[in-house]
Amino acid sequence: MISVGKLNLKFNFSFFAVIAFLFIADTSGMAVLSLTACILHEGGHLLAMALCGVYPDKITFYGGGIAIDKLGMEQISDGRRIFILSAGCTVNFLISSVCLFTPENEMIQVFSAVNLLIGIFNALPIGYFDGARILEILLVRIMRPSAANIVKKIIGVLCSTLIIAGIVYYCVFSGKTVSISLAFAMLYLIIAQFVG
C-alpha cells in the first residue's frame, strides 16, 4: 500500500495480472482504450466527491477495476451520494458524445463506443456497480434496508440473466461464436452479482 497524504493507494496482484493478460491477448489496442475509459470513469467519481467536499480514504486497483472507498459515505445526503455514484457514468457518456462529433477518425469512434459501453455497464443494477448502489439508495427511501437489499439482488439476478441469455441467444442464432471479450463480460457479470 502506498500513502499519499491521507489517501492510501492499494494495488492488488490481480490488477497487474488482468492488465498483463489484456495487453498480451489484445492486438487491437482496445485494452489501452478501455483502461483509459475506466480511469476517466473513476476520475468522474473523484471530481464529484471533491465538488461535494468528500475525499477518498483509499483507492484500490484490483482485477475487477478500481474501487474508491470513503469512510462515512452513508452519512452524506442521498442526493450527494447519487451525484457521486452517477458521475463516473456521466463522464463516460459525455466523452462518448463528444467523440461522436469529432471528424472521422476510427480510433476516436472506437473510443466513443468503449466509453458508451463502460458507462452502460456501470449503470446496470448489478452487484457492486454504480447502478446497483443508486438503486439501493432509492429503494431504502421506500422500504426497510433489509428488504431493499433483497429487491436489489433480485433485480440484479434478473438483469444479469437477461443479458447473458441475450448474448447466448445472439451467438446461437446468428451462427457466431462467443468471443473472449464476450465470455469475459458474461463471467464478470456473474461474479459481480455474487460479490456485490
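Student: What does the accessible surface of the protein come to, and how much of it belongs to carbon and sulfur atoms?
Tutor: Happy to start there, keeping in mind that this is a predicted model. The accessible surface comes to about 11700 Å². The share that belongs to carbon and sulfur atoms is 72%.

Student: And what percentage of the residues count as buried?
Tutor: Here a residue is called buried when its relative accessible area is under 20%. The protein has 196 residues. Those that count as buried make up 33%.

Student: Which pattern do the helices and strands follow along the sequence?
Tutor: There are 7 helices and 4 strands to place. Read along the sequence, they give the pattern β-β-α-α-β-β-α-α-α-α-α.

Student: In the sheet, which strands stand at the edges?
Tutor: The 4 strands form an open sheet with mixed pairing, in the order β1-β2-β3-β4. Two of them each have a single partner strand, so one side of each is left without a neighbour in the sheet. From one strand to the next, the twist averages 20 degrees. The edge strands are β1 (2-4) and β4 (65-69).

Student: Do β2 and β3 run parallel or antiparallel?
Tutor: In general, strands of a sheet pair through backbone hydrogen bonds, and either direction is possible. Strand β2 covers residues 7-11, and 4 bridges join it to β3. The two strands run parallel.

Student: Which residue stands opposite Thr60?
Tutor: Thr60 is found in strand β3, which spans residues 58-62. Leaving aside neighbours within four places in sequence, Thr60 is in contact with residues including Asn12, Gly65 and Asp69. The residue that stands opposite Thr60 is Lys10.

Student: Is Thr60 buried or exposed?
Tutor: The cut-off for buried is under 20% relative accessible area. Thr60 has a relative accessibility of 9%, so Thr60 counts as buried.

Student: What angle does helix α2 make with β4?
Tutor: Helix α2 takes in residues 30-51 and lies across β3 and β4. Its angle to β4 is about 10 degrees.

Student: Now the rings: how are the planes of Phe11 and Phe61 arranged?
Tutor: A pair of aromatic rings is described by the distance of the centres and the angle of the planes. The count of aromatic pairs comes to 7. For Phe11 and Phe61, the centres are 4.6 Å apart and the planes 10 degrees apart. With planes under 30 degrees counting as stacked, this pair is stacked.

Student: How many residues apart are Phe11 and Phe61?
Tutor: This pair links distant parts of the chain. Phe11 belongs to strand β2 and Phe61 to strand β3. Their separation is 50 residues.

Student: Which of these two counts as buried, and which as partly exposed?
Tutor: Ring pairs link both residues into a cluster with Phe15 and Phe16. Phe11 has 36% relative accessibility, so Phe11 counts as partly exposed. At 17%, the one that counts as buried is Phe61.

Student: Which residues have the most contacts inside the largest nonpolar core?
Tutor: That core has 16 residues. The elements that give two or more residues to this core are β2, α1 (13-25), α2, β3, β4 and α3 (78-100). A second, separate core of 7 residues includes Leu33 and Phe111. In the largest core, the residues with the most contacts are Val54, Ile59, Phe61 and Ile84.

Student: Beyond four places in sequence, which residues is Val54 in contact with?
Tutor: Val54 is one of the residues with the most contacts inside the largest nonpolar core. Leaving aside neighbours within four places, its partners are Met49, Lys70, Met73 and Ile76.

Notes: Residues are numbered from 1 along each chain as its sequence is written. This is a predicted model: local features need pLDDT of at least 70, side-chain atom pairs count only at pLDDT 80 or more; totals for chains, interfaces and linings use all residues. Side-chain values use heavy atoms; hydrogens and water are left out. Buried means under 20% relative accessible area, exposed over 50%, partly exposed in between (1.4 Å probe, protein chains only). Contact means heavy atoms within 4.5 Å. Two strands pair if DSSP finds at least two bridges between them. Axes are lines fitted to C-alpha atoms, for helices over the stretch in contact, and angles run from 0 to 180 degrees between N-to-C directions. Rings of Phe, Tyr and Trp (its six-membered ring) pair if their centres lie within 6.5 Å; planes under 30 degrees apart count as stacked, over 60 as edge-to-face and the rest as tilted. A nonpolar core is a set of buried Ala, Val, Leu, Ile, Met, Phe, Trp, Tyr and Cys residues joined through side-chain atoms within 4.5 Å. Accessible areas come from the Shrake-Rupley method with a 1.4 Å probe; for residues, only the protein chains shown count as cover.
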